[in-house]
Amino acid sequence: TWRLFISTDLGNSWFAPASFADLTKGFTSAGPDVLSAIAAARSNTSVIYTGSSQGRAMVSTNGGRIWSDVTQGLPNRSITSITVDPSNAATAYVTLSGFGSSHVFKTTNTGDSWTDISGGLPDIPANCLLFDPVDHNTLYLGTDIGVFRSTTSGTGWRGFNKGMPPVVVHEFASQQSGLIQVATYGRGAFELIANPPPVITSVNFDGKKHLTISGSSFGDAPRVLINGEDRSDHIDTSSDSEVKLIGKTKKMSLKAGNNTVQVVTADNVSSNLVTITL
């Protein structure tokens, strides 16, 4: 319909907080417009976003009583989904259908402005978006040719159809454990365990030329940043739980005093920063 209905008792009753607010474009030459996407912010449930099948985006910051049109800056395409950052109600992502335009947009100011983050994506309909349940910098995008993934909050995308066909993806679901499920059109459902971000638990320098970094989820071919400089050229051995570097102190960018150490996976997911003092 053209209105948003809310239930506060698990669906036993419903009400429209803005009874006469048309959240769509109404009746146009293309026919009646209807709501096609709804998203309430997890961190602040008073913030609600809606999108319509003819491309109107609306937002309320007071539980649906008053609405603002935030369509400006978005292409005139059907809004297929809206996803709000789990920890920030002002940040949201909109996916769009159709062809001949961009398909993923991001706002960091509750819809006052939108940024096109479709770079690297093909010109195909985008249907849904999911935050990685473990690492919120990683996003999954469902399109008409499968899944794309960004490990940098949408600044770059790569195909991510490992183990599944490149078909229409309509919906995602996830659990805090890291389980991600994907529903496709005509080819069934798939699931994967999201890779947890790398974590450094300890860093040991022997005082001579050996630096050992211990932790978890380093993966294959990790990089090591020392004081912000890439010193991967000094990696001697590496595994999922340990990376060893060898070299003279200055060449490894180690200095007297405090030094920061960080591991970055092959998918550009960064670990925590650990400070060691020489």
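This report describes the chain as a whole, three groups of strands, one threonine and the largest pocket.

## The model and its numbering

The model is predicted: local features need pLDDT of at least 70, side-chain atom pairs count only at pLDDT 80 or more, and totals for chains, interfaces and linings use all residues. Residues are numbered from 1 along each chain as its sequence is written, and side-chain values use heavy atoms, with hydrogens and water left out.

## The chain overall

The chain has 0 helices and 25 strands. Both are DSSP runs numbered from the N terminus, helices (H or I) of at least four residues and strands (E) of at least two. Along the principal axes, the C-alpha atoms fill a box of roughly 75 × 40 × 35 Å.

Of the 278 residues, 47% are buried. Buried means under 20% relative accessible area, exposed means over 50%, and partly exposed lies in between (1.4 Å probe, protein chains only). A contact requires heavy atoms within 4.5 Å. Among contacts between residues at least 6 apart in sequence, 40% join residues at least 24 apart.

## Strand E8 and its partners

Strand E8 covers residues 92–96, and 5 of its 5 residues are buried. Ala 92, Val 94 and Leu 96 point one way, while Tyr 93 and Thr 95 point the other way. In a regular strand, side chains alternate between the two faces of the sheet.

Strands pair if DSSP finds at least two bridges between them. E7 and E8 pair in the antiparallel sense over 5 bridges. Here Val 84 has Ala 92 in E8 as its bridge partner. E8 is also joined to E9 by 4 bridges, again antiparallel. Thr 95 stands opposite Val 104 in E9.

## Thr 107

Thr 107 lies in strand E9, residues 104–107. Thr 107 is buried, with a relative accessible area of 0%. Its side chain reaches the backbone nitrogen of Gly 111 at 2.8 Å. That is a polar contact (a pair of N or O atoms within 3.5 Å; within protein, one must be able to donate a hydrogen and the other to accept it, and residues adjacent in sequence count only if both atoms are side-chain atoms).

Leaving out residues up to four places away in sequence, Thr 107 touches Ala 90, Thr 91, Ala 92, Asp 112, Ser 113 and Trp 114.

## Two open sheets

One open sheet has 4 strands in the order E11-E12-E13-E14, with antiparallel pairing. E11 and strand E14 (158–159) stand at the edges with a single partner strand each, so one side of each has no neighbour in the sheet. Strand E12 (139–143) and strand E13 (146–150) are joined by 5 bridges. Leu 139 has Ser 150 in E13 as its bridge partner.

Another open sheet of 4 strands runs E21-E20-E24-E25, with antiparallel pairing. Its edge strands are E21 (229–230) and E25 (274–277). E20 (223–226) pairs with E21 over 2 bridges. Leu 225 has Asp 230 in E21 as its bridge partner.

## The largest pocket

The largest pocket holds about 490 Å³ of space. A pocket is found on a 1 Å grid over the protein atoms alone: it is an open set of points where a 1.4 Å probe fits, with protein on both sides within 12 Å along at least five of seven lines, and lining residues have an atom within 4 Å of a point. The volume is the space filled by probe spheres set on the points, which are joined across faces, edges and corners.

The lining has 24 residues, and Arg 42, Thr 83, Leu 129, Leu 130 and Phe 131 lie nearest the centre. Strands E3 (35–40), E7 (79–84), E11 (126–131) and E15 (169–174) each give two or more residues to the lining. The lining divides into 12 nonpolar, 9 polar and 3 charged residues. Ala, Val, Leu, Ile, Met, Phe, Trp, Tyr, Cys and Pro count as nonpolar, Asp, Glu, Lys and Arg as charged, and the others, Gly among them, as polar.
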